[in-house]
Amino acid sequence: MQKSTIQKLQKSFIICLFSLLLLASFILINTTSGALFSGSRLDLTSDRLNTLSQRTEEIISGINKPIHVKLYLSSQISRQNPVLAQYAQTVIRLFNRYRDKSRHLVNIEILDPKPYSNIETEAKTSGLIPLPISENEKLYFGAVFSDNNGHTYTIAGFSPERFNYLENDISRAISHLLMPKRKTIGIASDIPLMNRGFMRAEKAQNWTFINLLSKDYNIVPISLTEAEIPNVDALMVVATGKLPSLFIYALDQYILRGGRLLLLVDPASEIKKRLYPGIPDEDPNLEALLDNIGTHYLSAQVLGDKELAVGTRFAISKDAEPQSRLYYPWIRINARHINPQSPLTAGLDAIFVATPGALTLKNEDGHTTESLLTTSKNTLTTTANLAKFGDKADVLRYMDEKQQAFSVAALSEGEYHTIFARNPLENSTYSKHILPFLSTSVAPAQIIVISDTDILDTKNWADGTNISDFAKDDYNLRPITNNFDFIQRSIDFLSGNLSALNIAEKKYTGSRQTLAEIFYNGEMKNHKENYQKISSSLEDNQRKLDTINIMLKSNSAFGTAKTLGEIDALKNKILEEQTGLDKIEYQIKSAITQKEHVIALMHTVLIPIFILLLIAGIHFWFSARSRRQARRINNE
């Protein structure tokens with residue numbers, strides 16, 4: 001009997017010890033997991049919302065110096081635009097992921113650029129663009145990245161329209177600061193894509209894709225009259241018609257010297273047709289150069305695709321009403337026809353081309369070619385002149401079936417021979433001022449060929465009202481195809497900016513609210529009436545102050561003592577009301593913090609205690625069951 005009692009005491013001691021250890025482990029895990037695993041949160045969302053891409057992880061692992069991020073976020077956004085306010089929380093959470101993953105080498109500072117404050121002046125000077133959500137007050141939501149050497153990168157504004165590109169934008173900004181030197185890209189074109197005085201002119205005078213590229217690169221215009229390509233990290237050439245023979249010679253020699261070339265050639269450019277309607281021009285004369293790099297070009301032919309064509313409205317005859325029909329030369333190349341193995345195209349889903357040319361590829365000694373974008377086998381062709389000057393019905397009527405797949409974009413790499421039998425500039429005035437003539441490569445070259453220039457047209461890759469060639473708010477564009485992604489990756493690849501390459505867009509399927517956001521919305525309901533009352537008064541006073549300042553600037557009001565007194569009174573009232581709104585925000589955040597502490601307490605203490613009680617209950621149930629069985633056996 002004494003032995004049985006000792007055994008029971010031993011069992012009870014072991015159970016109590018186990019329970020205490022279990023409770024201690026629960027508390028220890030919950031209180032230290034945030035510190036130990038802050039950079040490795042488990043992501044259970046269906047669209048990997050909280051997971052950084054592999055390419056971003058590689059960029060973060062390469063950070064070897066502090067990167068400072070000033071996130072300018074106007075506090076009034078939460079009042080004027082709840083959707084944008086919720087998106088701001090998403091942006092902040094993502095920045096925190098970068099901070100944690102980088103071991104705090106990426107540090108974040110959130111600033112409120114209130115009107116007339118030094119922070120607002122700082123935001124303006126840094127290039128942030130006011131949000132178009134308020135007529136009476138300038139609100140900001142952007143970021144400035146910098147390092148200790150004074151290099152900076154600005155995201156002028158975060159927009160939900162670019163939700164899928166949020167990680168892409170942030171990672172490119174960090175990658176830019178990690179580059180030892182800003183790369184230079186030359187652009188030569190026979191259509192006006194950029195202002196010739198670009199480095200001194202307003203960016204609004206350049207095409208949108210150039211403005212976007214200029215965020216990462218120095219862009220310089222190159223004349224088509226050049227006999228030699230200047231020293232650039234990569235060259236982009238847009239050819240919609242016949243190029244000067246002198247420039248073709250310059251391209252030939254540039255390739256032989258190991259050049260990095262993005263060549264867009266188009267037999268029937270719709271951009272050019274829009275800019276110069278009805279004006280005939282000669283077809284591109286680059287067949288010899290293209291053949292030489294293994295990309296045979298069907299001269300003066302436009303390509304169509306029955307399987308990948310998109311629809312538009314047009315009349316099938318002069319007397320017919322316009323209807324929605326497939327227009328075969330307008331091709332939306334989907335993921336099945338985009339090379340998934342190349343870093344230039346991996347992860348891209350859709351690229352739109354309009355009246356493109358057709359390429360067939362061949363490998364030769366010294367160089368290789370690889371298709372990047374391909375059509376289906378259900379193809380057709382017609383003459384470029386018909387596509388340029390005929391109507392859509394005639395284009396479809398006179399297309400010939402080909403039933404073979406063509407390449408629309410290809411990469412050629414390696415060494416080449418000149419396309420000239422001898423030096424065409426021998427004994428000319430140019431020969432004394434340019435590098436000697438080469439007959440074969442002295443360094444391997446890389447050339448990306450795209451048989452379409454309309455891939456650059458903003459309307460073909462961005463969604464929105466009043467989309468134009470010269471988008472003033474290019475930071476706010478919402479891509480609907482990967483046209484610009486492909487161009488950007490091509491420039492990254494050719495210029496050697498490999499750290500920024502292949503940061504694909506995220507495929508988010510919807511928005512989610514965090515627990516903190518749910519708490520915030522619930523607490524805001526309790527203060528909504530007072531908050532709106534103060535906000536309305538703040539808007540009125542701000543409007544009055546703006547009106548007086550405008551009148552003073554236009555000299556329609558004199559700076560009398562009374563006027564200056566009104567200005568001071570309004571500024572004091574505005575400051576008081578802003579303080580009132582900040583006080584409400586503080587009360588809301590305090591209430592949220594209390595709720596979070598309650599949840600943390602439940603998570604770290606109450607839930608483990610419940611589990612222990614459950615274990616104890618099960619143990620006592622089994623013990624009672626054993627005793628009942630023992631008594632039954634004794635009675636028998």
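The legends below describe close-up views of a predicted model. Local features are restricted to pLDDT of at least 70 and side-chain atom pairs to pLDDT 80 or more, whereas totals for chains, interfaces and linings use all residues. Residues are numbered from 1 along each chain as its sequence is written, and side-chain values use heavy atoms, with hydrogens and water left out.

**View 1. An open sheet of 4 strands with mixed pairing.** The strand order is S2-S1-S3-S4, where strands (E, at least two residues) and helices (H or I, at least four residues) are DSSP runs numbered from the N terminus, and two strands pair if DSSP finds at least two bridges between them. Strand S2 (106-111) and strand S4 (152-155) are the edge strands, each pairing on one side only. Neighbouring strands are turned by 15° against each other on average, direction ignored, with axes fitted as lines to C-alpha atoms, for helices over the stretch in contact, and angles running from 0 to 180 degrees between N-to-C directions. Strand S3 (residues 141-147) pairs with S4 in the antiparallel sense over 4 bridges, and Thr 152 in S4 is the bridge partner of Ser 146.

**View 2. Helices H5 and H6 packed on the sheet****.** Helix H5 (residues 118-125) touches strand S1 (67-73) and S2 (contact means heavy atoms within 4.5 Å), and its direction makes about 110° with that of S1. Helix H6 (residues 166-178) touches S1, S2, S3 and S4, and the direction of H6 makes about 165° with that of S4.

**View 3. Salt bridges of Arg 162 and Lys 459****.** A salt bridge is taken as a side-chain nitrogen of Lys or Arg within 4 Å of a carboxyl oxygen of Asp or Glu, and a search of the whole structure finds 14 of them. The side chains of Arg 162 and Asp 169 meet at 2.8 Å, N to O, and both residues are buried (under 20% relative accessible area; exposed is over 50%, and partly exposed lies in between, with a 1.4 Å probe and protein chains only). In the salt bridge between Lys 459 and Asp 457, the closest N and O atoms are 3.6 Å apart; Lys 459 is partly exposed at a relative accessible area of 39%, while Asp 457, at 5%, counts as buried.

**View 4. The salt bridge between Glu 364 and Lys 362****.** The closest N and O atoms of this pair are 3.4 Å apart. Glu 364 is partly exposed, with a relative accessible area of 37%, and Lys 362 is partly exposed, with 34%.
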